[in-house]
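I set out to record what I looked up in this structure, beginning with the fold and moving on to charged pairs.

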Amino acid sequence: MPLISGEFEVKMAAEPLAALTENSGIGRMTLDKRYTGPLDAVGKGEFLAYRSSVPTAAAYVAMEVVEGVLEGRKGSFALQHGGVMGGPYDGLRIIVVPDSGTGELEGLSGKIDIRRDGGKHFYDFDYTLGGA
């Protein structure tokens, strides 16, 4: 699998919830991302999170559609995010949704790890593309 790395910026905007009380601990946001480097793309998505009364405990799920160029190949694909902060299942998982690749990214599969350093966000994308 090729492993590429680059930087991304993310903007999140709070959105209203459907059929939930304000004090439920659940929040909803939109994602607006800009990836640079070997993945030159924009990402748009929806984010749902739960934050407990314990400051170090939370969880989120998100769906994101990424559109742009991956190492010279143009197309789009979807990402599924799932993350837990605290407890025995602590961790983050971001995968390419199977069969979501379009255009020259048809057949894409893989996973993305994210990291923060010096206030910036970085991605490590481990992927396969058809016979590539």
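The entries below follow the order in which I looked things up.

**Entry 1: fold.** I note that the model is a predicted one. I looked up the sheet arrangement and found a closed barrel of eight strands, in the order 1-2-3-4-5-6-7-8, with antiparallel pairing. On average, neighbouring strands of this sheet are turned by 25° against each other, direction ignored.

**Entry 2: strands 3 and 4.** I then took one pair of strands. Strand 3 covers residues 39-51 and strand 4 residues 58-70; the two pair in the antiparallel sense over 13 bridges. For G45, I find the bridge partner in strand 4 to be E64.

**Entry 3: salt bridges.** I searched the whole structure and obtained six salt bridges. I examined three pairs, among them E46 with R28, whose closest N and O atoms are 3.1 Å apart. E46 belongs to strand 3 and R28 to strand 2 (residues 26-36), so this pair ties together parts that are 18 residues apart in sequence. E46 is partly exposed at 36% relative accessibility, and R28 is partly exposed at 27%.

**Entry 4: K111 and D113.** I recorded a salt bridge between D113 and K111, with 3.0 Å between the closest N and O atoms. D113 is partly exposed at 37% relative accessibility; K111 is partly exposed, its value being 37%.

**Entry 5: R115 and D124.** Is D124 buried or exposed? I asked this after finding its salt bridge with R115, where the closest N and O atoms lie 2.9 Å apart. D124 has 17% relative accessibility and counts as buried, because the cut-off is under 20%. R115 is partly exposed at 36%.

How values were computed:
Residues are numbered from 1 along each chain as its sequence is written. This is a predicted model: local features need pLDDT of at least 70, side-chain atom pairs count only at pLDDT 80 or more; totals for chains, interfaces and linings use all residues. Side-chain values use heavy atoms; hydrogens and water are left out. Two strands pair if DSSP finds at least two bridges between them. Axes are lines fitted to C-alpha atoms, for helices over the stretch in contact, and angles run from 0 to 180 degrees between N-to-C directions. A salt bridge is a side-chain nitrogen of Lys or Arg within 4 Å of a carboxyl oxygen of Asp or Glu. Buried means under 20% relative accessible area, exposed over 50%, partly exposed in between (1.4 Å probe, protein chains only).
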